[in-house]
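Biologist: I am new to this structure and would welcome a close look at one part of it, the salt bridges, followed outward to the pockets and the ligand. Please take me through it step by step.

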Amino acid sequence: MTEVAHIAVIEERIERLLEQMTLEEKVGQLTLASGGGGHIPEWLDEGIRRGRTGAVLNEVDVDTVNELQRRAVEESRLGIPLLIGRDVIHGFRTVFPIPLGQAATWNPELVERGARVAALEASRCGINWTFAPMLDIGRDPRWGRVAETFGEDPHLSSVLGAAMVRGFQGGELDADGSIAACAKHFAGYGASESGKDYNSTNIPENELRNVHLRPFKAALDAGVCSLMTSFSDLDGVPASANEFLLDQVLRREWDFDGFVVSDWDSISQLQAHGLTENDRESAYEAARAGVDMEMASTTYAHHLPQLVTEGRISEEKVDGMVRNVLRTKLRLGLFERPYVDPESFPDWGNPTYLADALETARQSIVMLRNRDETLPLKPHELSSLAVIGPMADEPYEQLGTWIFDGDPELSQTPLSAIREALHGEVEVRYERGLETTRSRTRDGFPAALDAARAADVVVLVLGEESILSGEAHCRADITLPGAQAALLDEVASLGKPVILVIMAGRALAVEALPDSVAAILYAWHPGTMGGPAISDILTGVVSPSGRLPVSLPRVGGQIPIYYAHKNTGRPPTPETFVHIDDIDPGAPQVSIGNTSFHLDVHPSPAYPFGFGLTYGDVHYRSVSCPEPRITPGSSLEVIIEVANEGQWDVEEVVQIYIRDLVGSVTRPVRELVAFRRVSLEAGEVRHLRFDIDAKELAFYGRDMKRKAEPGRFHLWVGGHAGSTLQTEFELLP
Ligand code: NOJ
């Protein structure tokens with residue numbers, strides 16, 4: 001059947017169903033109930049049999065899921081199968097790095113593969129819908145949910161978000177192992193004030209469109225089946241009642257034909273926001289704005305039928321909402337195969353899945369520092385190594401946030417992996433130093449320091465336990481928690497080479513890390529295979545190749561700090577920046593610098609977006625655009641010469657940034673427009689060609705229309721957002 005014929009058949013089946021449905025059954029399709037626990041409570045049983053519940057979340061027992069489907073398909077009047085939803089965020093049993101870590105791979109193929117594995121594992125339980133990818137822009141590391149984002153950049157988030165959608169949904173939506181994806185949280189959630197979860201967001205429309213909405217559009221273009229609204233209040237109208245987002249942008253401008261689900265209770269919470277007086281009005285506002293399905297709260301079930309009979313919400317409106325849901329069920333092929341046979345899927349945590357998780361974890365680790373080539377370790381020069389720290393041997397904590405179904409028993413920790421890698425060659429002694437990353441008591445310090453003293457090299461594994469990031473787990477102080485900084489200082493003061501491995505769910509402020517630390521690996525929460533991934537980098541099995549998906553702040557007070565900021569009328573320069581310590585005490589009270597900076601911290605981040613070292617010695621030798629004047633329908637050819645002058649084979653992430661020099665609205669000082677992970681053998685020189693479509697230069701201007709504006713552009717090429725190799729081009733009218 002052709003694509004067009006297939007769509008026609010689906011639409012026809014929707015209409016046939018709609019004709020037979022009572023109003024209550026229609027509203028049933030818009031109701032997502034929370035199940036769970038491997039049993040079917042009476043209320044849920046009744047809801048399903050009577051066609052009052054169209055979807056269930058959080059049930060992962062396959063027999064129960066099949067039984068739920070049986071009651072829906074065989075015992076409800078119209079036999080409509082259920083959507084079975086679950087937060088499958090970065091793996092199911094096999095846990096991949098947190099999304100922020102996956103973003104650090106800058107590798108869409110790996111992100112797609114990770115989502116595929118997660119979909120296959122989740123399918124074994126009958127899950128057919130996941131609440132991922134999360135596409136909120138993460139520019140505030142205090143916000144615990146930054147762990148679930150792809151970082152600060154709209155382009156990187158768009159590319160990786162689309163890859164994740166493809167991974168979950170597979171080549172064919174109705175094939176075994178394909179599950180519906182859900183892009184969330186629409187929209188602006190990442191801008192929660194002060195990085196506090198559920199907080200208000202105030203985003204001007206131009207920034208909303210140019211930054212926050214971009215990854216969602218990319219997910220739509222990748223065919224995402226559903227979207228979830230945000231908990232947050234956007235400029236005074238909470239997202240779950242925001243007609244501008246849900247109707248104007250999503251349906252009218254973007255032609256979305258999937259369905260929109262609320263977040264958990266976010267419709268009934270319209271009352272707490274102060275937008276409505278009661279559940280009835282909440283149901284009215286959400287339905288009017290365009291939320292198709294309600295998660296957890298029951299304002300639709302209780303009030304939508306009456307709102308229709310009263311004429312406040314038209315039945316056509318409800319029909320449209322139901323169509324969006326049924327379309328997804330039909331596309332998924334649920335009517336044809338509502339049941340799942342777990343044995344038809346590969347085992348959870350099988351060697352192939354673990355290998356994929358290992359490769360993703362390896363590529364997610366960012367090497368920030370490597371003084372005197374401390375890394376990779378040279379086992380033949382070592383006799384003993386100390387592994388210290390509360391994150392070194394924590395199978396659960398290394399998995400990170402949102403791991404409802406993750407299996408810590410599958411986890412391999414850094415300690416176990418290092419021991420295995422150095423077995424027989426180097427004596428490995430372990431001391432945790434601190435009970436948890438939050439502990440303040442220093443009772444464990446003496447033993448840790450003894451171990452460090454006795455060792456040739458110390459690997460210190462610090463960071464944040466899993467519970468310190470994720471939903472509602474925000475921090476005001478984003479330095480290492482507990483007494484970890486003291487432990488680090490004391491170990492570092494022994495004069496041994498110290499390799500610091502940080503596992504965390506966010507960008508931590510790193511300026512205070514002692515200078516004497518020889519090497520730093522930023523490993524995020526690396527998932528099941530975090531240990532071997534870290535060990536492989538430490539021992540040189542692979543060169544590090546991860547790149548920061550966020551700028552690492554020096555101190556929390558710099559937040560928000562991101563590379564694609566605006567220039568301002570008074571940008572700081574090396575000449576105008578004055579540090580508080582350099583203010584002459586005798587100088588008269590005149591203003592200093594008169595440019596945009598803090599007096600007590602350098603305006604740059606500690607490490608820029610895109611940054612990451614390798615064991616090679618990569619040089620960007622030249623960049624050129626053979627035809628630097630392009631027209632709107634064409635593309636810009638960029639030729640780059642890049643060389644690895646080192647002794648190690650590496651993977652390098654080549655990045656291209658532009659600046660649109662003059663716009664109808666001001667443009668960021670730099671924007672990522674293209675990137676590619678390339679392999680470079682020791683001594684290899686490569687000539688790379690990129691074609692940047694002129695469409696990539698488009699943005700929403702003062703008239704709020706998306707188009708590229710003619711004029712001059714700067715273009716930089718390199719390994720991070722601060723690279724200096726530059727050329728220019730021009731977009732002709
Ligand atoms: C609330 C979270 O905000 C959302 O991301 C998640 O998918 C739902 N709960 C369902 O668990």
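Modeller: In this predicted model, a good place to begin is the salt bridge in which the side chains of E205 and R209 meet, with a distance of 2.9 Å from N to O. Both residues belong to helix α8, which covers residues 205-212, and they are four residues apart, about one turn of the helix. Their surroundings can be compared through accessibility. E205 is partly exposed because its relative accessible area of 31% falls between the limits of 20% and 50%. R209, by contrast, is buried because its relative accessible area is 5%, under the limit of 20%.

A second pair bridges a longer stretch of sequence. R506 forms a salt bridge with E464, and the closest N and O atoms are 2.6 Å apart. This pair links distant parts of the chain, since its members are 42 residues apart. R506 lies in the loop between β15 (498-503) and β16 (519-522), while E464 lies in the loop between β14 (457-463) and α18 (484-492). Both R506 and E464 are buried. Elsewhere, salt bridges with shared partners join D45, R49, E67, R70, R71, E74 and E75 into one network.

A further example is the pair R142 and D140, whose side chains meet in a salt bridge of 2.7 Å from N to O. D140 is buried, with a relative accessible area of 7%. These cases are drawn from the 56 salt bridges that a search of the whole structure finds.

Helix α8 also leads to a pocket. It is one of the elements that each supply at least two residues to the lining of the second largest pocket. The others are α7 (154-169), α9 (214-221), β20 (650-660), β21 (671-680) and β23 (699-700). The volume of this second largest pocket is about 870 Å³. Its lining consists of 40 residues, and P154, N210, R214, A698 and R706 lie nearest the centre. By class, the lining of the second largest pocket comprises 20 nonpolar, five polar and 15 charged residues.

The largest pocket may be set beside it. The space in the largest pocket amounts to about 1100 Å³. The largest pocket is lined by 31 residues, with H565, P572, P603, S604 and P605 nearest its centre. Its lining has 17 nonpolar, 11 polar and three charged residues.

The ligand has its own surroundings. Around the ligand stand D87, F131, R145, K184, H185, M228, F231, D263, W264, M295, W402 and E471. Among these neighbours, D87 has an N or O atom in its side chain at 2.4 Å from an oxygen atom of the ligand. K184 places a polar side-chain atom 2.8 Å from an oxygen atom of the ligand, and H185 has a polar side-chain atom 2.7 Å from an oxygen atom of the ligand.

A polar contact within a helix completes the tour. T360 is found in helix α15, residues 351-364. A polar atom of the T360 side chain lies 2.9 Å from the backbone oxygen of D356. T360 is buried because its relative accessible area is 1%, under the limit of 20%.

Key. Residues are numbered from 1 along each chain as its sequence is written. This is a predicted model: local features need pLDDT of at least 70, side-chain atom pairs count only at pLDDT 80 or more; totals for chains, interfaces and linings use all residues. Side-chain values use heavy atoms; hydrogens and water are left out. A salt bridge is a side-chain nitrogen of Lys or Arg within 4 Å of a carboxyl oxygen of Asp or Glu. Buried means under 20% relative accessible area, exposed over 50%, partly exposed in between (1.4 Å probe, protein chains only). On a 1 Å grid over the protein atoms alone, a cavity is a set of points where a 1.4 Å probe fits but cannot get out, and a pocket is an open set with protein on both sides within 12 Å along at least five of seven lines; lining residues have an atom within 4 Å of a point. Grid points are joined across faces, edges and corners, and a volume is the space filled by probe spheres set on the points. Ala, Val, Leu, Ile, Met, Phe, Trp, Tyr, Cys and Pro count as nonpolar, Asp, Glu, Lys and Arg as charged, and the others, Gly among them, as polar. A residue is near a molecule or strand if one of its heavy atoms lies within 4 Å of it. A polar contact is a pair of N or O atoms within 3.5 Å; within protein, one must be able to donate a hydrogen and the other to accept it, and residues adjacent in sequence count only if both atoms are side-chain atoms.
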